[in-house]
Amino acid sequence: MASETTGTETPAPVRVFLLDDHEVVRRGVHDLLDGEPDLEVVGEAGTAEQALVRIPALRPDVAVLDVRLGDGDGVAVCRELRSRMPDLACLMLTSFDDEEALLDAVMAGAAGYVLKQISGTDLITAVRTVASGRSMLDPGAATRLLNRLRSEAEPAQPTAGGPELTAREQEVLALIGEGLTNRQIGERLFLAEKTVKNHVSRLLAKLGVERRVQAALIATELRQSAAADRSAHHPRGLGHGPRG
């Protein structure tokens, strides 16, 4: 029988699984994450084969996956796990600043991609970020990926506020850009989750992309373009005087 509480209940810790073929790395990440009160490492694996057995059995919230493994790669593990566990957030961890690996990870459904050179504090933040349903990409790698996706999606990509998306689809796209899940978007816009899913499917088709992470990057670009346009039209120091 659960004990009664007088205030807000403490949420259950985020359950994390670690996949890395270097034991020293695994131990270091394990100790780092397990030292946080809101994070709990529930399992580890040193091979892709072990991970594909243990992760579905343990049902973690977040899987931290090394990209390069002795018996395979973390991207393939991510793809397989996401097909079986759609709610699992996969955070790719790698020593290599590899644009191709980043693109593959995004296409496999990874929620985040960070380099092993990341600080301990930033890694903890990254785990919390993907656990909350948002995306987390290494800034430098994300910029290059954005440029690549931008050029690939250019023919189907609308201009900021463009006519190809309905007003509702533009709202949904903006919220995807903030990293919200379909359920969170539905709560924000007072829509059923199924309705949001339909909007997402239509706008992905209109944008000519397959993954919501690609749409999120396009949304980020459109937001930045709109901000740049506003700055150009309203330069600092040229404000209007008081109305009289």
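This text considers one helix, α1, and then the cysteines of a predicted model.

Helix α1 runs from residue 23 to residue 34 and comprises twelve residues. From its first C-alpha to its last it reaches 16 Å, close to the 16 Å expected at 1.5 Å a residue. Four of its positions, R26, V29, H30 and L33, are buried. These residues lie on the same side of α1, because they cover an arc of only 105° around the axis. The underlying principle is general: an α-helix has 3.6 residues a turn, so residues three or four places apart point the same way.

The two sides of the helix can now be considered in turn. On the buried side, R26, V29, H30 and L33 pack against three strands, β1 (14–19), β2 (39–45) and β6 (89–94), and against another helix, α5 (120–131). The face turned away from that buried side carries V24, R27 and D31, which are exposed.

The cysteines raise a separate matter. Where a disulfide is taken as a pair of cysteine sulfur atoms within 2.5 Å, the count for this model is zero. Why does C78 form no such bond? The cysteine sulfur closest to that of C78 belongs to C90 and is 3.7 Å away, which is too far for a bond. Seen from the other residue, the sulfur of C90 has its closest cysteine sulfur in C78, again at 3.7 Å and too far for a bond. Both side chains would have to meet the cut-off of 2.5 Å to be counted as a disulfide. As to their surroundings, C78 is buried, with a relative accessible area of 0%, and C90 is likewise buried, with a relative accessible area of 0%.

Conventions. Residues are numbered from 1 along each chain as its sequence is written. This is a predicted model: local features need pLDDT of at least 70, side-chain atom pairs count only at pLDDT 80 or more; totals for chains, interfaces and linings use all residues. Side-chain values use heavy atoms; hydrogens and water are left out. Helices (H or I, at least four residues) and strands (E, at least two) are DSSP runs, numbered from the N terminus. The expected span of a helix is 1.5 Å times one less than its number of residues. Buried means under 20% relative accessible area, exposed over 50%, partly exposed in between (1.4 Å probe, protein chains only). The arc is that of the directions from the helix axis to the C-beta atoms. Contact means heavy atoms within 4.5 Å.
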